[in-house]
Structure formats: C-alpha cells, structure tokens
There are 2 protein chains.
Amino acid sequence: MGILSDEIAGYLGKSSMIRKMFETGIELKKKFGADNVYDFSLGNPDLPPPEAVKSALESIAASADTCFALGYMPNAGYPALREKQAAKISAEQKVDIGGDRVVMTCGAAGGINAFFRAVLTRGDVVLCPSPYFVEYGFYAGNYGASLKPVASSRTDFSLDLTAFEAAMTKEVRAVIVNSPNNPTGRIYTRAELAGLADLLAGAERRFGHEIYLVSDEPYRFLNFDNLELPSVFGLYEHSVVIGSYSKNLSLAGERIGYVAVNPAMAGGDKLVAGVIMTNRILGYVNAPAVAQKIVLTAMDSQVDLEVYRRRRAAMKKVLDAAGIKYFMPQGAFYFFPRSPLADDAEFVAALLKERVLAVPGGGFGASGFVRLAFCVDEKIIENSGPSFMKVMEQIGR
Amino acid sequence: MGILSDEIAGYLGKSSMIRKMFETGIELKKKFGADNVYDFSLGNPDLPPPEAVKSALESIAASADTCFALGYMPNAGYPALREKQAAKISAEQKVDIGGDRVVMTCGAAGGINAFFRAVLTRGDVVLCPSPYFVEYGFYAGNYGASLKPVASSRTDFSLDLTAFEAAMTKEVRAVIVNSPNNPTGRIYTRAELAGLADLLAGAERRFGHEIYLVSDEPYRFLNFDNLELPSVFGLYEHSVVIGSYSKNLSLAGERIGYVAVNPAMAGGDKLVAGVIMTNRILGYVNAPAVAQKIVLTAMDSQVDLEVYRRRRAAMKKVLDAAGIKYFMPQGAFYFFPRSPLADDAEFVAALLKERVLAVPGGGFGASGFVRLAFCVDEKIIENSGPSFMKVMEQIGR
C-alpha cells in the first residue's frame, strides 16, 4: 500500500505521455494564439447547444424556488422522462420498448459503468473491436474484469468475425461495440452485427450462460451518408443499448445518457433493477436533475449535422492534398488515417512542431494510425492544410 | 453467471424489504392524502433551493447558447470553482488549502466512490462507527473491499475508541466518519476525533502503511447548537474531507460535492491526481457542469437553518409526549430513538398502521432503534403526535 492503490498508481504512470501532449497544446495556444494552433486532439463538441436547451434552462430557473425542484427523484430518473426516452428509443431502434426498460444515467460513461457493475464478476472478460475507445478498459477494470480488444480490418475497420470467434472463451461476459465508431468513424452493417450476434448465440449455448452485446451509441445522430444503423435489439436477445446527449445537444459536461434493456430479454426486468441499484451504489445516485429536465423538453432537438458534414469534407480535402491515406468516416467526428511513419507517435510529434495536435493510434489499440477530431471550426481545418503539407514534405513521401 | 452478477443479485434480494415499505408509503399517500401520512423515511431535503440557485440558473440559461457552455471541462472541475471551493474549505476547516487539493465530484457519494477506487485494493477493510449510513458498505464493496462497522456507545453514540483499537488489523485501509451523523445526529467532539487520530497514527507505524481518515460532512451546516465541528486536517496527516451541496442548497438530485485532500499530506498531489483519474474512469467524467456553475455563484447561500431547528423542537415534543426515548440530535435532520419494542421492524410496522413511516435501525447496523427524518413540514410533524401516542398506548408502555 502507498498513497494510491498499485493499480491506480500504475494507470497514472502510463497516462502521463498523453497528458504531456495536452499540456504542450495549451502552451502552443498561449504562444501562437488559439487560431494558429490546429487542435484535433479532443472530442469536445464545440457547437453551442440548440435553442431548446436554453429555453429548457429558463423554465428550470423559473421553478427552481419550489420544493424538491432539484431534489432526489427515483434512482432510475423522472418517470415521465423514462417514458419519453423509451418512445424515442422505440423510434430509433424500431422496437417497442417501455419506460420500465430504460434507466437514465450520468452520461454513456456512467451507463456503461452501471451496467458493468451489475453483470461483471472478477475475472470476466469483455471483448470489443479494435481500434477502440480506450476508456472501455478502465470501465471493465473498475470491477475486476478485463477488456480484450479484437482487431478489426485495417483497411475499412469492419468486424473480423473469425477473430471474434477465436477470442470467445468461457470467461467472456460481454461484447461492446461503438457505432458510429470512435476513433474510426465506421458504422457497422446489419450483416456484421448479425454475424456477431450469431456467434454470441453459439457461445451462449456452448458455455451455458448469458453473454451480453452492448451497443454504445453516443454518435447515433452523426450519420453523414444516411446509412442504416441497425439495432442490436432485433438481432440478439441479451442486448443493451447505451446512449447519451453529450454530442447531439452539446451537453457533454452536464452528464446525461441512458441504458436501455432489450424488451425481448427474458429476465430483463431483473437486469433493469440491477442497473438502477448500481447507478445508486456507484454514487451517481441518479442522473443529474437539471440534465434530465433539459432532455425532457429538448430531446428532439439537435445541433446542425450539416456543420459536421461540411467539416468532414474540409478535412478530407486537407488530407487528400497532403497525400494522407484514410478510411472515409461514415459517422461520428473523427478521421483515423494511417500514419505515413511506422511510428505514429513520431508522426504526431512532427505534426505538433507545425502546431497540429493529433492523438497517436496506439492510444486506441492501433499503432500506425492517428486520430483527428473534426469537432473544430471549419476555418481551423482549412488553415491546417499547409501544416500537413509541410510535414508530409519533410518526411519525404 | 445469470442475468446479474451473484453479488448484485444478492444485494437486490436483501433490499426488497425496504423497497416494499416505500411502496406501502406511496399507497398510503394515495389512499389518505399526502398530508395525512407522516413520512419520516426519506432524507430528501424539502426546502426550496435558496434564491441564489434560481439566479444562477437564470445566468446559466442566458449563456447556454454559446460554444462549450455545457461542454467538457477539466475532469477535476472548473479551475475557478476549485479555487473558490478551496477558499470556503479553508474557512470552514481553519486550514489553508489551495484549489489544487480539491476535486469537484458527483455529490459526496461520487466523491467517496472516486476516493475508494483510488486507494482501495481487493481485500482491504474500511471501518466506520455504527450506526452508520448503509451505503458505505456498497461503496467499499464496489472495489472488492469490505466495510466493518464498529459499534458506538448506545446511549450518546460517542466513538468507542477501545472497539476501534480492537478492530485495527493490517487490512484496514481507511476509517470513514460522518459528522454530523446520519442516522444519529451526533457531532463528534475534538477529543473523540483526536483519540481516533492517535490510534490511527499508531496503527500506521505498526503496519507500515498509510491509513486514511475520511470525514464525510454533507450535514456540516446543520449544526443546531453551535458546537465545534473540528477539522480532521489539523488532527491527522492522511485525512480527506468530503462534502456536498445536496442539503444546504437543496440540490440533492443535481449531484454536486467535492473531495479535499489534507494540504499537510506528503504525497497529497498524487492522491489528488488519482482521484481526478478515478472520477474520470468511473464514468462521472466530471461533476455536472450546471451544478458546478450554480455552486460557483450560490456557494455562500444556504437554506434557513432555523426551519430545521424548529422542526427538531417539534419532533422532540412529539416524542416526549409519546414517551419515546432518544438522543437529542446535535446536527443533520434525523432522530434515532430507541424502539420501545425489542424488534424495531415490528415497531416500524405498528407505526405504519397509524400512517407513520420510519426506517428500522437494523438498516443502519443498529437493531433496536428507528430513524425519523425531520426534513418534512413542521405541521406534518405536529400532526403525527396522536399517531405516535396511539402506537405507544397499543404496545402498552
């Protein structure tokens, strides 16, 4: 024993490199001005929240001097919100789900943690396609489980079902997929998800216990080419959908999301009761009251998708001009191009010298790539062009 | 494996009795009207938030249409808030603490979880005086540790230092005290806390590792008799203070609190870095943005303590008239009287028949007592008098 547990002390040691990059970014902005630094490192939605968020806050303020205005509510969330959220999920997922299968959570991150706490036992394994959102590993680790990434195709980031089948041991308790995907921008097709579902159903029979399929969908609305976003509910019994309003309402800091349990799941009520309880005992207690009230009235609004679509086009132009190879993101707000240098950290360092901030793919389980978040002003994207060109010339390709 | 992990399935089974009581309460209110049910079961602050909360929300609404208005901020909270929170803690705790030793959290419950995740290892033990807030056990259990309650005096709920010394094994990683106390209303004296600190310092030397003293203080402002609320910071190096705005700003549902690390702690910066990280990886990510902005301007306001003081007097009168014995609460908003029946659940059932809702002491590790929350209207307290009288006559004392 020391000041921290060995596990957390170890985590801190490892994460110091990325922190240093962020600090360098802050220094660069101080030195050159924010407009002259091309910061593609962070997925912090920069569009202002839609008008409906402002109106909702005005109403919340108007009644904030009443009893219990911001007091405890049931741990699962305001009953009226659960019902309305269920109606929205029913429309999106094309299933009929009731409010009793929905739990409001402290963002998608809080939802995943509550779900993991409810179902994972020490030693369990969670699988996910790689590249992947690196926080998943911490979320599983919080409860003594471990994340095993399964490599996707390195050209179009499609699911490698053969690799999933090979990874399917009796310790596997859940598979989590993120679609549209951070960091790749990939939207998984119906055929891919159906293949994964079949494989999981087979593993359930073989091992004799439930294996969950979790669809983490905070970027659902960021679907640039109107592709089908198939629901896991219709494909697999033991499935759960987790979503959030961080991106579509630009509410990332206020922490609001949900866990929805497949209405077709036998014993699903028990799972809901478990998630309500873990939501409580993990100390969230309930999703923030103001956030719930905002979502209750602003749920159907969203930031302008067109802005993100134009930014995607602007970033494509910059990368094309520099000769950088990439998979065209279908959703979310990230490009995940190949690093032209074998060492992606070295490429990121070269970009940094030209005031471009990117994240090495190694941080997403995919060395040899870099992540560029395009939730930044279109002008910044356009102005970054010469920097990318210069770096590509320097490294001589 | 089943739908839930065995551990969570077990928890759910045990908690069903209390849930049933709450459901009965709801039914009673439907049947007899809310004014004719004397619900002392829940610690949900019923006073409206102070005017400053409303003004803060108006300002937040006014600027909600700007970029990043409610977006991510540093995981530890807005830097300006950390500084201001530190100044408030400095005044309350009579120490000089900087913003770099303060982390804003998702309520006190979120703060305790983030702290536990940062320092606990599987198999560790956390001690607390009993009767105690039953959620502590879940919070320790989340990370594979266990809570060992140490019985306090059954007359004035003072700390039993001999019992603490006896409980002090090498597995003990932390002691958590809640003062003013839920459920007893006790405020621990300087002598008690100094005695506990000495004992912990001895155990640290004996076992050669850090043992934390955590002071959980969400009821700090509810101090009816102006007693000293001594700070653990001056008494013990490895100490942490955790607080919240749930009670003093009636913000329980919006989830805002903090963790403050003793400025005198060697290696305290490492602990702060750990808590910032666990705050992130547990999925809180950061304390809710709106809550942080409310607290930034409304921090120095609070609900009217006098209202709670009058309710304490009203409840005292009711209990005295009925001949129920109790320790007079010095703070918080609970009475924790002795049950006149050996079986406190039986007494609670008798009260329920007269439309009085109380919680059996067994739920707080103290069979033979009941908890009565007086965060309800004074009229309701007064009107409950005849019901208490009737029950006491029935059980014939």
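I began with the contact between the two chains in this predicted model, and found that chain A and chain B each bring 74 residues to it. On the side of chain B that touches chain A, I listed the elements giving two or more residues, and these are α1 (6–32), α2 (51–62), α4 (107–119), α5 (135–141), α8 (268–281) and α9 (289–298) of chain B. The largest share comes from α4(B), with eight residues. By residue type, I noted that this side of chain B divides into 42 nonpolar, 19 polar and 13 charged residues.

Next I looked up how α4(B) packs against α8(B): their axes come within 8 Å and cross at roughly 115°, and the crossing is right-handed. From α4(B) the contact is made by Ala114(B), Phe115(B), Arg117(B) and Ala118(B), while α8(B) supplies Leu271(B), Gly274(B), Val275(B), Thr278(B) and Asn279(B). I sorted the residues of this helix contact into five nonpolar, three polar and one charged.

Phe115(B) then led me to the largest nonpolar core, which holds 268 residues, and in which Phe115(A), Phe115(B) and Phe374(B) touch the most other members. Which residues does Phe115(A) touch, leaving aside those up to four places away in sequence? I wrote down Val214(A), Val240(A), Ile242(A), Val259(A) and Val275(A).

Last, I checked the confidence scores, and entered a mean pLDDT of 95 for chain A, where 98% of the residues reach 70 or more. For the model I recorded ipTM 0.96 and pTM 0.96.

Key
Residues are numbered from 1 along each chain as its sequence is written. Chains are lettered from A and ligands numbered from 1 in the order in which they are written. This is a predicted model: local features need pLDDT of at least 70, side-chain atom pairs count only at pLDDT 80 or more; totals for chains, interfaces and linings use all residues. Two residues are in contact if their C-beta atoms, placed from the backbone, lie within 7 Å. Helices (H or I, at least four residues) and strands (E, at least two) are DSSP runs, numbered from the N terminus. Ala, Val, Leu, Ile, Met, Phe, Trp, Tyr, Cys and Pro count as nonpolar, Asp, Glu, Lys and Arg as charged, and the others, Gly among them, as polar. pLDDT is the predictor's confidence in each residue, from 0 to 100. A nonpolar core is a set of buried Ala, Val, Leu, Ile, Met, Phe, Trp, Tyr and Cys residues joined through C-beta atoms within 7 Å. A residue is buried if 20 or more other C-beta atoms lie within 10 Å of its own, exposed if 12 or fewer, and partly exposed in between; C-beta atoms are placed from the backbone. Axes are lines fitted to C-alpha atoms, for helices over the stretch in contact, and angles run from 0 to 180 degrees between N-to-C directions. A crossing is left-handed if the near helix is turned anticlockwise from the far one by less than a right angle, and right-handed if clockwise.
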